[in-house]
Amino acid sequence: MARPLLQVALDHSDLKGAIKAAVSVGDVVDVIEAGTVCLLQVGSELVEVLRNLFPEKTIVADTKCADAGGTVAKNNAEKGADWMTCICCATIPTMKAALKAIKEVRGDKGEIQVELYGDWTYEQAQQWLDAGISQAIYHQSRDALLAGETWGEKDLNKVKKLIEMGFRVSVTGGLSTDTLKLFKGVDVFTFIAGRGITEAKDPAAAAQAFKDEIARIWG
Ligand code: 5RP
Ligand code: MG
């Protein structure tokens, strides 16, 4: 079982804040995410800045794209995004168009990730696989967590089932280093942390603490 990657999500409301955080943690993490909140504020210029700062890193545009997949993927890929997210309720044609466009610009590195929110089924998941999409993001929404939802066995079972189906599964939503041990023994592809890193007093130390805990648990 490979050691899970660490991705930082930059969900700042301003470009400056996102860049400052990226500069402090970019070398510690494996993947850098242009977060939805910041993309909605400043657009894909954020992706362009991250690509220029980190030419060799995997950069994700967390667009949660629901439509116009080809256009949105082309625009973000041209700014430097390797991966882009589509929301799980997007149609298969939207996801296929996004996948085609991101691969046209980024080649084999280009991938689409399906963001799992709300209602979705394993039948749909099989359709995503059949469409050539092999990454899924298992998400506890910020608002669900604020409403009292917690990580637990129910999440673990869904993550395991998706992995069994053949997905590389990322896990995210209010993660702290304490949450990670719940996934011990599970072949998680990437842990995505936003506020747990960027709102820490020392973001670089917080990112390193995630890396250390991942190494402790997964070896
Ligand atoms: C929210 C997101 C966030 O980027 C993701 O949940 C990570 O952020 P945090 O760790 O702060 O919850 O995509 O929709
Ligand atoms: Mg995100």
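A residue counts as buried when its relative accessible area is under 20%. The model on display is a predicted one, and the tour begins with a residue to which that cut-off applies.

**Stop 1: Arg51**

Select Arg51, which sits in helix 3, residues 45–53. Its relative accessible area is 12%, so Arg51 is classed as buried. Next, display its surroundings. Beyond the neighbours within four places in sequence, the contacts of Arg51 are Glu56, Lys57, Ile59, Lys79, Gly80, Asp82 and Arg106.

**Stop 2: the magnesium ion**

Move to ligand 2, the magnesium ion. Which protein residues serve as its donors? They are Glu33, through OE, and Asp62, through OD, lying 2.1 Å from the ion. Glu33 belongs to strand 2 (residues 31–34) and Asp62 to strand 3 (residues 58–65), so the two donors tie together parts of the chain that are 29 residues apart in sequence. Glu33 and Asp62 are both buried.

**Stop 3: strand 2 and its partners**

Keep Glu33 selected and extend the selection to the whole of strand 2. Val31 and Glu33 point to one side of the strand, Ile32 and Ala34 to the other, and all of these residues are buried.

Now add strand 1, residues 5–10, which pairs with strand 2 in the parallel sense over four bridges. To locate this pairing, select Leu10, which stands opposite Ala34 of strand 2. Adding helix 1 (residues 15–25) completes a right-handed β-α-β unit made of strand 1, helix 1 and strand 2.

Then add strand 3. Strand 2 and strand 3 also pair in the parallel sense, over four bridges. Here the bridge partner of Val31 is Thr58 in strand 3.

**Stop 4: two positive phi values**

Stay with strand 3 and select Lys64, which lies within it. Lys64 is not a glycine, yet its phi is positive, about 50°. Continue to Ala68, in the loop between strand 3 and helix 4 (69–79). Ala68 likewise has a positive phi, near 55°, and is a residue other than glycine. With a relative accessible area of 40%, Ala68 is partly exposed. For context, most residues other than glycine have a negative phi.

**Stop 5: Gly118**

Select Gly118, in the loop between strand 5 and helix 6. Is this residue buried or exposed? Gly118 is exposed, with a relative accessible area of 66%. Add Cys88 and draw a distance between the C-alpha atoms: the two residues are 30 residues apart along the chain, and their C-alpha atoms are separated by 8.6 Å.

**Stop 6: helix 8**

Select residues 153–165, which form helix 8. This helix has 13 residues and reaches 18 Å from its first C-alpha to its last, close to the 18 Å expected at 1.5 Å a residue. Colour Asp155, Leu156, Val159, Leu162 and Ile163, which are buried. Turn the view to look down the helix axis: the buried residues fall within an arc of 130°, so they line one face of helix 8. The face turned away from the buried side carries the exposed residues Glu153 and Glu164.

To see what covers the buried residues of helix 8, display the elements that include strand 5 (111–116), helix 6 (122–130), strand 6 (135–139) and strand 7 (168–172). Just after the helix, select Gly166, whose phi is positive at about 120°.

**Stop 7: helix 10**

The last selection is helix 10, residues 203–218. Its 16 residues reach 22 Å from the first C-alpha to the last, close to the 22 Å expected at 1.5 Å a residue. The buried residues of helix 10 are Pro203, Ala206, Ala207, Phe210, Glu213, Ile214, Ile217 and Trp218. Viewed down the axis, they fall within an arc of 120°, so they line one face of helix 10.

Which elements do the buried residues of helix 10 pack against? They pack against strand 1, helix 1, strand 8 (190–193) and helix 9 (195–198). Strand 1 and helix 1 were visited at the third stop as parts of the β-α-β unit.

Within helix 10, select Asp212. At 43% relative accessibility, Asp212 counts as partly exposed. Add Thr177, which is 35 residues from Asp212 in sequence and 9.2 Å from it in space, C-alpha to C-alpha. The tour closes at Gly219, which follows helix 10 and has a positive phi, near 80°.

Definitions and conventions
Residues numbered from 1 in each chain as written. Chains lettered and ligands numbered in written order. Predicted model: local features only at pLDDT ≥ 70, side-chain atom pairs only at ≥ 80, totals over all residues. Heavy atoms only, no water. Donors = N, O, S within 2.8 Å, 3.2 Å for Na, K, Ca; no water. Buried < 20%, exposed > 50% of the residue type's maximum accessible area, 1.4 Å probe, protein only. Pairing = 2+ DSSP bridges. Right-handed = clockwise from strand over helix to strand, strands pointing away. Expected span 1.5 Å × (residues − 1). Arc of directions from axis to C-beta. Contact = heavy atoms within 4.5 Å.
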